[in-house]
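Q: I am new to this structure and would like to learn how to read it. Where should we begin?

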Amino acid sequence: MKQDVLDAEPDPVDARLGARLAELRAERGWSLGELAERSGVSRSTLSRAERAEISPTAALLNRLCNVYGRTMSQLLSEVEAEHALLVPAADQPVWRDRDSGFVRRSVSPPHAGLRGELVEGRLAAGADIAYDRPPVPGLEQHIWVLEGALEVTAQDVEHRLGTGDCLRLRVWGPTRFRCPGPEGVRYVLAVVLP
């Protein structure tokens with residue numbers, strides 16, 4: 001491995017996220033082994049994520065959110081600055097899952113006293129993301145496709161959405177988001193806590 005890769009500073013968001021994940025585990029008094037058992041994620045991966053040696057994937061964060069009883073947006077908002085009522089486009093946090101090519105913009109991040117949030121999602125053609133469980137059982141989601149096509153599988157039913165289509169559901173089990181192509185897809189995800 002090249003020395004410049006070894007000396008590279010972790011991404012600031014990944015560093016804050018890793019620190020928050022370590023705090024959440026410590027608050028519960030869990031060892032890495034206990035968290036590994038609860039989440040189904042290896043101890044080494046958990047350790048590397050907490051030390052910001054890796055950038056966690058969407059699937060990994062989903063598993064941890066499930067264990068900690070948070071949505072992904074809630075977790076990510078905990079590592080961002082204080083929230084304002086007005087969220088200018090330039091201040092909307094963007095997170096990338098480098099493995100899948102998923103880009104997630106928190107248009108309306110979680111805020112104290114509010115149960116809903118808006119997320120813009122972008123997937124490249126062929127991208128496929130599977131979540132083995134919801135971050136919060138019974139989470140309400142409204143998925144509105146702005147451009148392209150999206151296949152969403154929930155409760156073993158595949159829904160094919162085109163531009164302008166909206167899927168409304170409560171999430172109780174595994175879900176899958178897939179962009180069949182030939183172009184990428186851009187969609188809005190409205191999330192409402194139960």
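A: Begin with burial: a residue counts as buried when its relative accessible area is under 20%. The model here is predicted.

Q: Is Arg20 buried or exposed?

A: Arg20 has a relative accessibility of 12%, so Arg20 counts as buried. This residue is found in helix α2, which spans residues 12–28.

Q: Which residues does Arg20 touch, leaving aside those up to four places away in sequence?

A: Its partners are Glu27, Arg70, Leu75, Glu78 and Val79. With Glu27 there is also a polar contact, side chain to side chain, at 3.2 Å.

Q: How do helix α3 and helix α5 pack?

A: Two helices can be described by the angle between their axes, and 65 to 115 degrees counts as roughly perpendicular. Helix α3 (residues 32–39) and helix α5 (residues 58–68) pack at about 100 degrees, their axes 9 Å apart. The two are therefore roughly perpendicular to each other.

Q: Which residues meet there?

A: From α3 come Leu35, Arg38 and Ser39, and from α5 come Arg63, Leu64, Val67 and Tyr68. By type, the residues of this contact are 4 nonpolar, 1 polar and 2 charged.

Q: Which residues of α3 are buried?

A: They are Gly33, Leu35, Ala36 and Ser39. These residues lie on the same side of α3, because the arc they cover around the axis is only 165 degrees.

Q: What do the buried residues of α3 pack against?

A: They pack against α2, α4 (43–50) and α5.

Q: What follows α3?

A: Gly40 follows α3, and the phi of Gly40 is positive, near 80 degrees.

Methods:
Residues are numbered from 1 along each chain as its sequence is written. This is a predicted model: local features need pLDDT of at least 70, side-chain atom pairs count only at pLDDT 80 or more; totals for chains, interfaces and linings use all residues. Side-chain values use heavy atoms; hydrogens and water are left out. Helices (H or I, at least four residues) and strands (E, at least two) are DSSP runs, numbered from the N terminus. Buried means under 20% relative accessible area, exposed over 50%, partly exposed in between (1.4 Å probe, protein chains only). A polar contact is a pair of N or O atoms within 3.5 Å; within protein, one must be able to donate a hydrogen and the other to accept it, and residues adjacent in sequence count only if both atoms are side-chain atoms. Contact means heavy atoms within 4.5 Å. Axes are lines fitted to C-alpha atoms, for helices over the stretch in contact, and angles run from 0 to 180 degrees between N-to-C directions. Angles under 35 degrees count as roughly parallel, over 145 as roughly antiparallel, 65 to 115 as roughly perpendicular and the rest as oblique. Ala, Val, Leu, Ile, Met, Phe, Trp, Tyr, Cys and Pro count as nonpolar, Asp, Glu, Lys and Arg as charged, and the others, Gly among them, as polar. The arc is that of the directions from the helix axis to the C-beta atoms.
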